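Subject: Structure handover

Hi,

Here is the structure I promised to pass on to you. My notes follow below it, so please have a look at both when you get a moment.

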Amino acid sequence: MKVGFIGLGRMGAGMAGNLVQAGHEVTVYNRTPSRVQALVERGARDAARVRDACQGDAVITMLADDSAVEGVVYGDEAVIGRLGKGAIHISMSTISVALSERLAAAHRDVGQRFVAAPVFGRPDAAAAAKLFIVAAGTPDALDACSPLFEAMGQKTLTVGNDPPAANLVKLSGNFLSASVIEALGEAMALVGKAGVDRHQYVDLLTSTIFPAPAYKIYGQLIADQQFEPAAFAAPLGHKDIRLTLAAAEALRVPMPFASVLHDRFLSLLAHGGERMDWSALGSLAAKDSGQADR
């Protein structure tokens, strides 16, 4: 397929590279041009402007937040203004449900198609084409996107025709992941203050009652106190919890623990956690209990 890719951060670079590797004709755009060169050397085309990435069958956006997505989508020289009739905007960013609703309507009004397809997985999974893709859109659009999803992920899970549903599922998943991090941090602070080795504790948990990847990955990071460089930065985790709460308010669904997580992220950021991985959330309980050096 002829596809544009906008956003070459730690996730997007690996995803775009896998599209090139799969033989798709990929045109890449990034606000910081230096990130483009490695992909151009592998066979991608360099887009000097957003509009130059919007000349094919589809354009993928993989950006940090609502503001970044809005900045490349709206306007005569942006995605909506330059994407062809019937072409597809595939939004793979973790964005708000409200923005997804607006994007779906805006594309529909000009005869374009819109698919929401956020992903579960960290940068290593993106580079290895092992992402889990949660997709929603019309059946014809999803069928057209399937070769792209196959190149980037190990499994695509469809959650219906309404694109915002995919964004809501993604936010709910990140809420659960943050909940795991906070709960692990509290449990490890408890046993750690009693003298139990944290690494041994994580090995025990993940080899018995909690063998899930989230417990293994985040438990190890918390035990190692290895929070930099960030694979998923703490401000992005905070953003996702805010978006989860906004969606919950719109649907009138109380989420008390999401409010706790919101405040825990604020505490982490207030104490200099901007550059840390979001798993640093799991270090707060130990510090609160006087284990600042552990």
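**The sheet and its helix**

Strand E8 (residues 131–135) and strand E9 run parallel, joined by 5 bridges. Strands here are DSSP runs of at least two residues (E) and helices are runs of at least four (H or I), both numbered from the N terminus; two strands pair if DSSP finds at least two bridges between them. One bridge links Phe-132 to its partner Lys-155 in E9. Helix H7 (residues 139–152) packs on this sheet and touches both E8 and E9, with its direction at about 150° to that of E9. Contact means heavy atoms within 4.5 Å, and axes are lines fitted to C-alpha atoms, for helices over the stretch in contact, with angles from 0 to 180 degrees between N-to-C directions.

The sheet as a whole is open, has 3 strands in the order E7-E8-E9, and its pairing is mixed. E7 (119–120) and E9 (153–158) are the edge strands; each has a single partner strand, so one side of each lacks a neighbour in the sheet.

**Before you go further**

This is a predicted model, in which local features need pLDDT of at least 70 and side-chain atom pairs count only at pLDDT 80 or more, while totals for chains, interfaces and linings use all residues. Residues are numbered from 1 along each chain as its sequence is written, and side-chain values use heavy atoms, leaving out hydrogens and water.

**Helix H1**

Is H1 (residues 12–21) enclosed or open to the outside? It is largely enclosed by the rest of the structure, because 8 of its 10 residues are buried. Buried means under 20% relative accessible area, exposed over 50%, and partly exposed in between (1.4 Å probe, protein chains only). Among the buried residues are Met-15, Asn-18, Leu-19 and Val-20. Just after H1, Gly-23 has a positive phi of about 100°.

**Loops worth a look**

The loop between H10 (213–224) and H11 (234–251) holds Pro-229, and the peptide bond leading to Pro-229 from Glu-228 is cis, with omega near 0°. Gln-225 sits in the loop between H10 and H11 as well. Although Gln-225 is not a glycine, its phi is positive, at about 55°, and this residue is partly exposed, with a relative accessible area of 30%.

Arg-252, in the loop between H11 and H12 (256–270), is another non-glycine with a positive phi of about 55°. Arg-252 is exposed, at 77% relative accessible area.

Happy to talk any of this through.

Best wishes
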